[in-house]
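User: I should like to examine this structure and the terms used to describe it. Please set each value against its definition.

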Amino acid sequence: MRSADATDRYDTPDTSVLSWAVELTGPLDSQALQRTLRVTLRNPPVGQPAMTRTLDLRHLPAAEQDDAVDRVRREESGALAGVAAEAPARTAVCVLAPDRHVLVVAAPGAWAPRRASVLRDLSRHYRGEPAAGGPGQPGVPPERPAGPGTPRSAEPGGDSGAEQVRRWAEAFKGAERLGLPAEHAGTNAGRTDTRIVTRPLAPDVSASLGPAAARLGVDEPALVQAAFAAWLHRHSGQRDLLFGTGPYRCDAGSPRADGPRGGAPLVVVPVRLALTASATPAQLADRCRNAVEEGAALASHAGTPSAAYRDAVGDLAPRAVVSVVPGHDKDPWVPGVAVTTRLPEYHDIGADLTLTVELGARDEVAGRSGPLLALAYRPGSLRPGLAELLLERFEQVLRQSSADPAGVRVGELSIVTARESALPEVARGPLRDYRRGTVPERFAEAAGRYGDRIAVADDHGGTLTYAELDRRTNALAAHLVAIGVRPEHRCAIVYERGVNAIVAVLATIKAGAAYLPVDPAMPVNRMEALFQDADVRTVLTHSRLAERLPGRAARVVALDLVGPDLPAGAGAGPRVPLSAANLAYVIPTSGSTGRPKAVMIEHAALTHFVDMVQDFFELSADDRIAQCAALWFDVSVFEIFAALLIGASVHIAGDDTKLTPGALQTVLRERRATVLMTTPSLLETLDPDGLPDLRVMSVGGEPFSAELTARWAPGRRFVNGYGPAEATVEVVAKVCAGTGQDDPPIGRPLANHSAYVLDERMCPVPVGVAGELYLGGAGLARGYLAQPGPTAAAFLPDPFGAAGGGRLYRTGDLVRRLPDGDLLYVGRTDRQVKVRGMRVELGEVEQAMCRHPEVSRACAVTVTTPAGDTEIVGYAEVRGGGAAADGIRAFTADWLPPYMVPGTLVVMDSLPANSSGKVDMAALSALPFPPARTVPGQPEAAPLPTATQKAVGEIVREVLRVEDAPVDEDLFALGGNSLQVLRILSRVQSAFGVTLTPQEFFEEPTVLGIAAAVDGRPAHA
């Protein structure tokens, strides 16, 4: 009779599924095998024999037989999913040939048997011998050798479920969800089927594994786990890894690999491992051993099955698991029948990826065979063919790790296999022979050819032909030269969008200087710092804006005052010694040190950019390019110069147009705009069907969905464009058809540019692996103005260029190259973010908050609002608790442009800190989205007397997420921004049938002011 200990082995309430397949070669009695399977493989709690079937696959070609066997394994496993503990085991005998059969077994996960033991019992029954468990009783597989050693902190079990959850939550506090080594993750929710690919481990790796482990004083599983951790790190780039290992039976004594402890749960032990590129495999192996012991010690505190462990750690449940099956010897099946592993033991515990390493299996005919690798994955996780490549990469990592475990560094482990190109050809864009030149030269050519055509038009009726624009800019350029402007000088343009702003830009360049666009609404403190860093000597502006300039601003040229005195018939522009190597413009970006950085772009880069986009977008002099971006946003460079240097026309949409619901759509339609470069946020306000002339679109600055592409792409050249200011607007692009299901990739490098995906040592990473994007080519900036340190850190020598002297710009963006060569954006290596298409260094936001005298520490994070926007949330640690959030936010607004000011500011007694005393970013990010803001110090809002005021108040409350705001409070003081203003006006239009102009809104931007404007206008006005 079977022992109670053996019965308990099958009695664990675990619903996971264990499966494997072996091939039997030789003469076999199929009917005898069927009887043996039914009798031997019982599930004692159910008391039913195994369900078995026979499938004749002899009619299929060999390759299709392999697929059919794997399909049968999935079917048998799928039938047990979720009910394995209460269901009989399932088997299938696949007949490949008269003397070749494949035995597929799917059993409850709680069995966790060694195939050798099961096969031994099957063999004895087949030969008519009693099984190991006694006459007529199913044999009990002996326990596998112990996995990790005795936990150092093991305690008796019996903790409550809540205590167990608390222990796990504490152990994995702040852990990062593992990024899988895949081009894209599919939707695997609810899926129980898997795919499995196998690969025999190369003999040289097999031979070196045992001696390497012995030299290190660890067992082979620890070295395999170390290689697995390195393999995950090299694919994901993550340094805080969370993966699983096992499965183990964990009790209060020790965790044992599939041991038979009565009632002990079968669990995959989550392992959290801190890893650096300088660590060695030897160090990792030791850490893995300790981490497994610690994880197993936690698992021993409660008799909880693996599903409950996954619930305990929530989203941090191991997505990738490594399972090491120790080597074993097996008795012969029957004389003349060889048994070989077809699919190794696979324990389906719900992970997306499970790597099984079966160490040194022995078959009865061929003798000792090398280890076998198998990768099981959920359909949708990996593209076709990637699983095989991942196994090959793992073998390569294991080879390097076992060859020199104490010498090689993790960062030096290559995962580029022999059949992968280290530097794919698609990393370089096509070569084109564009002529070098300057902006004045190119504009003179366009003006000479298209003098009578419209060059610039705004939404207030202002227009200039090419001849008129040439004359006006020549006159202003001569004036600038006369007052001392010279090449390489920087002239600030502090002007709203309009025809005069274009005149100022072009005249500055004709005078030989570089233009520096500045937002008139920029805080004076920030403007002064920017002028000082850029050594601004001349400011071009309007007289009404002059009073906003810093007190130490240099020479001020008020165009409305100077313009009438300039000669109307000026001929050729001033003779200026200008070359393609001179600066054309300097554009400010956010800086992590607390001061903005100014990117320097030369004429050669700018004229090359125009030639490049003219080819790529198929632009011509007949195009009408919409100018919607602010001058200080580098998209304006495309909008202005891609038109004026080829004879096309620029059509300006001012801020009032962009903020008036429906006005931008009207302007684009009436001006018959053909080209638009914009952000996804702005596109959401437009109707693609109402713009029949729009044929070319470049969208970027923010991620966008496949749905947006599907709406806009049909019938147009719709481009997902990517490019930092340091590479002249746009350098990587993808023409999107709008038929894909996934978010579009950013594409490939454009002409005369390169885009490399590199690791921390600037070595190429293979296809599908995340790495940092480095850009090279003709569009690279000179560097950052007056900041040699940041320039040297960001612009590095190009080690891949055919000719010496090339440079690469380190973008800080993480990308992954897809199999077709396109690049997919996946994140950042630092804390730079995009807010409404603008780059923001969160460190600069924190520096501004810390300037407040009562703020001791500050931290800024981004959140996604219920409306889908990216919003900055500031957390301020205040001395003495005296400063209010609104006061700190208002103070910050004196140093930062509006899009960088935190929309929500939270005052805290102390910021959460980690063990090293630094701000715990993970803890802040884990906080719930800040609740709707309240205005402190204000009495409770009085009931609004009119229906209009009530409706407007509700709109403002929902859009700005502000509770009980005073009805006479400026909405911008409450955290509003231009995009939210547009939403408020759009909802007012929908609610009342009234279209308010921005002027009406800005006259009194309060709830009462908006309500009064609505009541003063007839419906549909």
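Analyst: Leu606, Phe609, Val610, Val613 and Phe617 of H16 meet Val637, Phe638, Phe641 and Ala642 of H17, where a contact means heavy atoms within 4.5 Å. The model is predicted, so local features need pLDDT of at least 70 and side-chain atom pairs count only at pLDDT 80 or more, whereas totals for chains, interfaces and linings use all residues. Residues are numbered from 1 along each chain as its sequence is written, and side-chain values use heavy atoms, with hydrogens and water left out.

User: What makes the arrangement of H16 and H17 roughly perpendicular?

Analyst: Helix H16 (residues 603–617) and helix H17 (residues 635–644) pack at about 80°, with axes 10 Å apart. Axes are lines fitted to C-alpha atoms, for helices over the stretch in contact, and angles run from 0 to 180 degrees between N-to-C directions. Angles under 35 degrees count as roughly parallel, over 145 as roughly antiparallel, 65 to 115 as roughly perpendicular, and the rest as oblique. H16 is therefore roughly perpendicular to H17.

User: How many nonpolar, polar and charged residues does the contact of H16 with H17 have?

Analyst: There are 9 nonpolar residues, no polar and no charged ones. Ala, Val, Leu, Ile, Met, Phe, Trp, Tyr, Cys and Pro count as nonpolar, Asp, Glu, Lys and Arg as charged, and the others, Gly among them, as polar.

User: Why are H11 and H16 called oblique?

Analyst: The axes of helix H11 (residues 439–449) and H16 come within 9 Å and cross at roughly 40°. That angle falls outside the parallel, antiparallel and perpendicular classes, so H11 and H16 are oblique to each other. Val439, Pro440 and Arg442 of H11 form the contact with His603, Leu606, Thr607 and Asp611 of H16. By class, these residues are 3 nonpolar, 2 polar and 2 charged.

User: How do you know that H6 and H7 are roughly perpendicular?

Analyst: The axes of helix H6 (residues 203–216) and H7 cross at roughly 100° and come within 8 Å. H6 and H7 are therefore roughly perpendicular. Leu209, Gly210, Ala212, Ala213 and Leu216 in H6 touch Glu220, Leu223 and Val224 in H7. The contact of H6 with H7 comprises 6 nonpolar, 1 polar and 1 charged residue.

User: Why is leucine 668 called buried?

Analyst: Buried means under 20% relative accessible area, exposed over 50% and partly exposed in between (1.4 Å probe, protein chains only). Leucine 668 has a relative accessible area of 6%, and it is therefore buried. Leucine 668 belongs to helix H19 (residues 663–670); helices (H or I, at least four residues) and strands (E, at least two) are DSSP runs, numbered from the N terminus. Beyond neighbours within four places in sequence, leucine 668 contacts Ala626, Ala673, Leu676, Leu686 and Leu691. Leucine 668 and leucine 691 are 23 residues apart in sequence, with C-alpha atoms 7.1 Å apart.

User: Which residues touch the most other members in the largest nonpolar core?

Analyst: Among its 172 residues, Phe243, Phe394, Phe638, Phe641 and Leu644 do so. Helix H7 (residues 220–236) gives the most to this core, with 10 residues. A nonpolar core is a set of buried Ala, Val, Leu, Ile, Met, Phe, Trp, Tyr and Cys residues joined through side-chain atoms within 4.5 Å. Another core, of 21 residues, lies apart from it and includes Leu659, Ile984, Leu996 and Ala1013.

User: What makes S37 and S39 edge strands?

Analyst: The open sheet has the order S37-S38-S39, with mixed pairing; two strands pair if DSSP finds at least two bridges between them. Strand S37 (855–864) and strand S39 (904–908) each have a single partner strand, so one side of each is left without a neighbour in the sheet. S37 is joined to strand S38 (residues 870–878) by 9 bridges, and the two run antiparallel. Within S38, glycine 874 is the bridge partner of alanine 860. Helix H24 (residues 885–893) lies across S37, S38 and S39, at about 125° to S39.

User: How do you know that strand S1 is mostly covered?

Analyst: In S1 (residues 17–25), 8 of the 9 residues are buried. S1 runs antiparallel to strand S4 (residues 100–108), with 9 bridges between them. Across the chain, buried residues make up 57% of the 1021 residues.
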